[in-house]
Amino acid sequence: MSFTELGLSPQILRALEEKGYTQPTPIQAAAIPIVMAGHDLLAAAQTGTGKTAGFALPILHRHIGLPKRLTPAPRVLVLTPTRELAAQVLDSFREYGRHAALKSASIFGGVGMGPQIDALRRGLDVLVATPGRLIDHMGQRNVDLSKVEVLVLDEADRMLDMGFMPALKRILVALPRQRQTLMFSATFSDPIKALAQQFLSSPKEVSVTPRNTVAETISHIVHPVPTDKKRQLLIDILAVDSRVQTLVFARTKHGANKLAEQLEKSGFRASAIHGNKSQNARTKALADFKSGKLTILVATDIAARGLDIPELPVVINFDLPMVAEDYVHRIGRTGRAGETGRAISLVTPDESGLLRDIQRLLKQEIQLITVAGYELSQPLRMDANAPRPVQGQRQGPRQGQGRPQQQRSGAAPGRGTSTGAKPTQGKRPAGSGHGHKPGLGDSANPAQRRRRHGGSTAGRANRPMGSREA
Ligand code: AMP
């Protein structure tokens with residue numbers, strides 16, 4: 001199936017050709033005909049599947065040639081959970097629609113209202129917005145939603161996680177009943193199904209990734225580590241090849257900041273991205289990371305959601321997420337489009353319950369590799385009462401901070417080509433292929449440096465609290 005066979009307009013085909021897209025991704029092949037036919041759509045698709053073009057292309061197709069909107073009454077409203085995603089979705093509409101002569105704008109918090117009001121007043125066809133800021137503009141009557149023909153809820157699961165349900169309901173009542181609604185979500189959880197019932201009408205369902213599964217091209221590794229040595233272990237891993245672009249996840253904003261500062265002090269080009277940073281700082285950090293000026297981006301789940309960072313070879317979970325589904329979102333940034341990716345998690349004893357949740361969700365054991373010098377006094381607990389951190393609890397080491405960058409010769413987990421070690425034995429994680437090594441790159445050192453505790457497929461466990469940034 002080609003884009004031409006999907007029947008997209010010549011203006012769009014031209015833009016796609018210029019972008020170098022040769023064929024639709026599975027979500028695009030499935031969603032585009034449904035949207036073009038005017039149906040409502042409920043799509044399960046993670047970031048990295050090409051979902052944005054999955055809705056942007058057919059929407060643009062249907063609106064090409066219509067008279068331009070000269071009032072603050074958009075025809076298309078796309079709601080996203082985060083500012084970054086709003087900016088990215090707008091970029092996509094503009095790129096795919098570069099020959100389509102449609103007007104588009106985005107509105108989100110963290111920046112002044114003035115330029116957004118100006119953009120709304122100039123008139124627009126496509127509005128991409130975060131719910132909170134859209135409500136502010138609605139309150140000031142800067143925007144008229146009564147003419148919306150298509151509503152897109154992008155990353156709807158995350159909007160629910162972030163507590164946007166009341167805002168979504170307020171927006172819903174301002175929209176015409178007669179409209180097309182498209183909802184995209186990484187998972188089809190029960191709350192998502194309930195939301196779909198409220199917002200969609202007889203939707204077609206499309207699912208390109210089975211519920212809560214991850215790309216088979218990703219290898220998962222866990223390094224158990226004592227709490228007071230976690231930061232040093234991360235530095236050791238990163239030091240093996242400081243040129244490898246790495247996205248590091250921290251659980252809290254404070255933790256992300258501290259970690260980025262420590263990494264900078266240790267000589268890495270690192271920055272943090274989280275909800276407390278100004279919009280300018282977030283945009284700059286992301287741009288610097290994309291351009292290679294920064295090699296390490298430390299992010300919280302919410303800030304990183306939906307970020308389009310292509311071809312990341314590795315994602316490191318400095319902290320495990322409180323909610324297992326977020327693990328799937330995090331590592332969705334690696335192993336895209338058939339490339340192999342690595343997901344490395346540093347797990348302290350107090351996080352073993354979270355690891356258990358993740359293994360249950362993935363339905364696979366994750367290889368545990370103990371790095372020499374970072375042994376735990378006892379193996380990680382993987383039973384039903386395995387501990388979980390208390391939300392908001394300070395993460396990371398209490399001692400040993402700011403130690404100068406140091407590499408034990410041959411003992412550091414491999415990011416490059418010559419350091420690191422193979423695990424001595426044990427199961428490979430499903431889908432990791434062969435030749436799996438700890439760390440980020442190929443490694444050839446002897447096995448005795450690491451000892452494998454062995455993973456386990458956990459049984460039933462309680463779901464931890466919400467996944468908001470603390
Ligand atoms: P998304 O899941 O929408 O965030 O898209 C993930 C990445 O895939 C983005 O960098 C897109 O530019 C890219 N992409 C989307 N569709 C295609 C396609 N058909 N061929 C190649 N790349 C694509």
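## The ligand and its surroundings

The ligand is surrounded by 14 residues, and the closest of them are Tyr-21, Gln-28, Gly-48, Gly-50 and Thr-52. The structure described here is a predicted model. Sorted by class, the shell around the ligand holds three nonpolar, eight polar and three charged residues.

Several polar contacts join the protein to oxygen atoms of the ligand. In the side chain of Tyr-21, an N or O atom is 2.4 Å from a ligand oxygen. Thr-52 also takes part through its side chain, with a polar atom 2.6 Å from an oxygen atom of the ligand. Lys-51 takes part through its backbone, where an N or O atom lies 3.3 Å from a ligand oxygen. The ligand taken alone exposes 500 Å², and the protein buries 77% of that area.

## Aromatic rings

A pair of aromatic rings is described by the distance of the centres and the angle of the planes. How many aromatic pairs does a search of the whole structure find? The search finds three. One of the pairs is formed by Phe-55 and Phe-184, whose ring centres are 5.1 Å apart and whose planes meet at 55°, an arrangement classed as tilted. Phe-55 belongs to helix α3 (residues 51-63) and Phe-184 to strand β6 (residues 180-185), so this pair ties together parts of the chain that are 129 residues apart in sequence.

Both rings of the pair belong to buried residues: Phe-55 has a relative accessible area of 0%, and the value for Phe-184 is 0%. Each falls under the limit of 20% and therefore counts as buried. Together with Phe-93, Phe-55 and Phe-184 form one aromatic cluster.

Another ring has a charged partner. The charged end of Lys-230 sits over the ring of Phe-318, at 5.0 Å from the ring centre.

## Strand β6 and the contacts of Gln-180

Strand β6, which contains Phe-184, also contains Gln-180. Is Gln-180 buried or exposed? Its relative accessibility is 4%, so Gln-180 counts as buried.

The side chain of Gln-180 makes polar contacts with the backbone of two residues. One contact is with the backbone oxygen of Val-35, at 3.1 Å. The other is with the backbone oxygen of His-39, which lies 2.7 Å from a polar atom of the Gln-180 side chain.

## Two residues with positive phi

Arg-141 is not a glycine, yet it has a positive phi of about 55°. This residue lies in the loop between α6 (131-139) and β5 (150-153). Because its relative accessibility is 76%, Arg-141 counts as exposed.

Glu-155 likewise has a positive phi, of about 50°, although it is not a glycine. Its place is the loop between β5 and α7 (156-161). Whereas Arg-141 is exposed, Glu-155 is buried, with a relative accessible area of 2%.

## Residues apart in sequence

The C-alpha positions of several residues can be set beside their separation along the chain. Ile-64 lies in the loop between α3 and β2 (76-79). Its relative accessible area is 19%, and the limit for burial is under 20%, so Ile-64 counts as buried. Ile-64 and Gln-11 are 53 residues apart in sequence, and their C-alpha atoms are 8.7 Å apart in space. Arg-360, found in helix α15 (residues 352-362), is partly exposed at 30% relative accessibility. The C-alpha atom of Arg-360 is separated by 8.7 Å from that of Ala-324, which is 36 residues away along the chain.

Where is Glu-375 placed? Glu-375 is in the segment after β14 (367-368). With a relative accessible area of 38%, Glu-375 is partly exposed. The side chain of Glu-375 reaches the backbone nitrogen of Gly-373 at 3.1 Å. Glu-375 and His-223 are 152 residues apart in sequence, while the distance between their C-alpha atoms is 9.5 Å.

Terms used. Residues are numbered from 1 along each chain as its sequence is written. This is a predicted model: local features need pLDDT of at least 70, side-chain atom pairs count only at pLDDT 80 or more; totals for chains, interfaces and linings use all residues. Side-chain values use heavy atoms; hydrogens and water are left out. Helices (H or I, at least four residues) and strands (E, at least two) are DSSP runs, numbered from the N terminus. Buried means under 20% relative accessible area, exposed over 50%, partly exposed in between (1.4 Å probe, protein chains only). A residue is near a molecule or strand if one of its heavy atoms lies within 4 Å of it. A polar contact is a pair of N or O atoms within 3.5 Å; within protein, one must be able to donate a hydrogen and the other to accept it, and residues adjacent in sequence count only if both atoms are side-chain atoms. Accessible areas come from the Shrake-Rupley method with a 1.4 Å probe; for residues, only the protein chains shown count as cover. Ala, Val, Leu, Ile, Met, Phe, Trp, Tyr, Cys and Pro count as nonpolar, Asp, Glu, Lys and Arg as charged, and the others, Gly among them, as polar. Rings of Phe, Tyr and Trp (its six-membered ring) pair if their centres lie within 6.5 Å; planes under 30 degrees apart count as stacked, over 60 as edge-to-face and the rest as tilted. A charge sits over a ring if NZ of Lys or CZ of Arg is within 6 Å of the ring centre and within 35 degrees of the ring normal.
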